[in-house]
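Good morning, and thank you for coming. I would like to take you through one protein structure, region by region, and I ask you to keep the display in view as I speak.

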Amino acid sequence: MITQLAYLGIASPAFQEWRDYATRLLGAVVAEDGPDGAVRIKVDDAGYRVAVHPAEQDELRYVGWACHNETRLHEYAAELRAKGLELHAGTEAELKERQVAELYWFADPFGNRHELVWGRYSHPNSFFPGRPMRGRFVTGDQGLGHIVLIVPDLARADAFFAGTLGFRLSDRVKSDIFNLRFYHCNGRHHSLAVAEIPGVTGINHLMLEVESFDDLGTAIDLFSADPDREILLSLGRHTNDLMTSVYVQTPSSMQIEYGHGGMTVDDLTWVAGTHDLPSIWGHHRSQAYLDGPPGIFREIGTADANETTEADR
Ligand SMILES: [Fe+2]
């Protein structure tokens, strides 16, 4: 069973720009570079949480999911193999790079790489924000935050993420325009969401949550004053997780949702519902958003999704 979003790996020609961006605007810090020169970003005591690898184009490289411990990971791996999922053991070099005790990876039905790990390295009391912040990032037993993946077929994604992997449905947002499903694997309302866009797959955004409302306000001030990094969706509050947030540009095409005050869910009592709008108020789209919906996308034919593998990327 997956219990946390542990880390995220993307690649981008603008990887070097993440050093200043992550520190000065987000309040994160830069950890030691990866072996390929990847910029690695730290938002808490974990060695790092986001890696931005050098590449000629923006790519979603991997999503890291943590299990509680070695026993649970082995049980889960056996369960997934019994369901027919092809799991690959991580190499020694991969374990070292990801700073984990053990790793298995697999491709989702759309060819995106996911990694299952336990035993991530962390360094207690090692995180101090890269810019003045009143609080810290909300991580701990809620994991890094959440990601929203783009999928060409929502029903197929749901069969995989809920049916095969065991993510629990929190709710959905469905209207003539929107079609998303949100899943939890711990108390955070969602660690994963999937949004349907025909013919493509990839990542829309990573959400980072801050403890203090003031730190969200400060981020808005900093992004508003920065000529290079636009706020793509204005301050708003989501209907489902009640997160108050802005969506901001990054040096790459993925967005970051910078949020505060998200709700938690309890599996004993939680009942999944439907919302017909994503936001109670706000989250208005900027011209930059309208000029090119942000995200790291890769074209994929629905028919050939089965054949797409890690090697194809
Ligand atoms: Fe989000």
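I shall begin with the annotated segments, continue with the metal site, and then turn to a helix, the open and enclosed spaces, and two individual residues.

Please bear in mind throughout that this is a predicted model.

Let us start with the record. UniProt, in an unreviewed entry, lists "domain: VOC" for residues 4-119 and 143-261. In the model, the chain over residues 4-119 is 26% helix and 37% strand, and the C-alpha atoms at the two ends of that segment are 12 Å apart. Over residues 143-261 the figures are 20% helix and 45% strand, with 15 Å between the end C-alpha atoms.

Now to the metal site. Which protein residues are the donors of the iron ion? They are His 146 and His 205, each through NE2, and Glu 257 through OE, at 2.0 to 2.2 Å from the ion. Along the chain, these donors follow the spacing H-x58-H-x51-E. His 146 belongs to strand β9, residues 146-151, and His 205 to strand β13, residues 200-210, so the two histidines tie together parts that are 59 residues apart in sequence.

Are these two histidines buried or exposed? The cut-off we need is that a residue counts as buried when its relative accessible area is under 20%. His 146 has a relative accessibility of 2%, and therefore counts as buried. His 205, at 5%, is buried as well.

Let us stay with His 205 a little longer. Its side chain makes a polar contact of 3.3 Å with the side chain of His 146. The side chain of His 205 also makes a polar contact with that of Asn 204, at 2.7 Å. Leaving out residues up to four places away in sequence, His 205 touches His 146, Ile 147, Val 148, Tyr 247, Met 254, Gln 255 and Glu 257. Both of the other iron donors, His 146 and Glu 257, therefore appear among the residues that His 205 touches.

From the metal site I move to helix α4, which spans residues 154-164. Its buried residues are Leu 154, Ala 157, Asp 158, Phe 160, Phe 161 and Thr 164. To read that list, it helps to recall that an α-helix has 3.6 residues a turn, so residues three or four places apart point the same way. What covers these buried residues includes helix α2 (70-82) and the strands β7 (102-107), β8 (113-118), β9, β11 (179-184) and β12 (192-196). The two ends of the helix also deserve a look. At its start, a side-chain oxygen of Asp 153 reaches to within 3.1 Å of the backbone nitrogen of Ala 155. Just after the helix, Gly 166 takes a positive phi of about 90°.

Next, the spaces in the model. The largest pocket has a volume of about 760 Å³. It is lined by 33 residues, of which Phe 178, Leu 180, Pro 278, Arg 285 and Tyr 289 are the closest to its centre. Which strands each supply at least two residues of this lining? They are β9, β11, β12, β13, β14 (231-238), β16 (255-260) and β18 (279-282).

The structure also holds 2 cavities of 30 Å³ or more, and the largest of them has a volume of about 50 Å³. The residues lining this largest cavity include the iron donor His 146, along with Arg 188, His 189, His 190 and Glu 209.

Two individual residues remain. The first topic is Leu 233, which is placed in strand β14. Its relative accessible area is 10%, so Leu 233 is buried. Beyond its neighbours within four places in sequence, Leu 233 is in contact with Val 246, Tyr 247, His 283, His 284, Arg 285 and Tyr 289. Leu 233 and Gln 287 are 54 residues apart in sequence, and their C-alpha atoms are 9.6 Å apart in space.

The other residue is Asp 58, found in the loop between β4 (50-54) and β5 (59-66). Its relative accessibility is 23%, and so Asp 58 counts as partly exposed. The side chain of Asp 58 makes polar contacts with the side chain of Ser 12, at 2.8 Å, and with the side chain of Ser 253, at 2.7 Å. Asp 58 and Leu 116 are 58 residues apart in sequence, with 23 Å between their C-alpha atoms.

That concludes my presentation, and I thank you for your attention.

Key:
Residues are numbered from 1 along each chain as its sequence is written. This is a predicted model: local features need pLDDT of at least 70, side-chain atom pairs count only at pLDDT 80 or more; totals for chains, interfaces and linings use all residues. Side-chain values use heavy atoms; hydrogens and water are left out. Helices (H or I, at least four residues) and strands (E, at least two) are DSSP runs, numbered from the N terminus. Buried means under 20% relative accessible area, exposed over 50%, partly exposed in between (1.4 Å probe, protein chains only). A polar contact is a pair of N or O atoms within 3.5 Å; within protein, one must be able to donate a hydrogen and the other to accept it, and residues adjacent in sequence count only if both atoms are side-chain atoms. UniProt positions are given in the numbering used here, feature names are shortened, and annotations may be inferred rather than shown by experiment. Donors are N, O and S atoms within 2.8 Å of the metal (3.2 Å for Na, K and Ca); water is not among the atoms, so sites may look incomplete. On a 1 Å grid over the protein atoms alone, a cavity is a set of points where a 1.4 Å probe fits but cannot get out, and a pocket is an open set with protein on both sides within 12 Å along at least five of seven lines; lining residues have an atom within 4 Å of a point. Grid points are joined across faces, edges and corners, and a volume is the space filled by probe spheres set on the points. Contact means heavy atoms within 4.5 Å.
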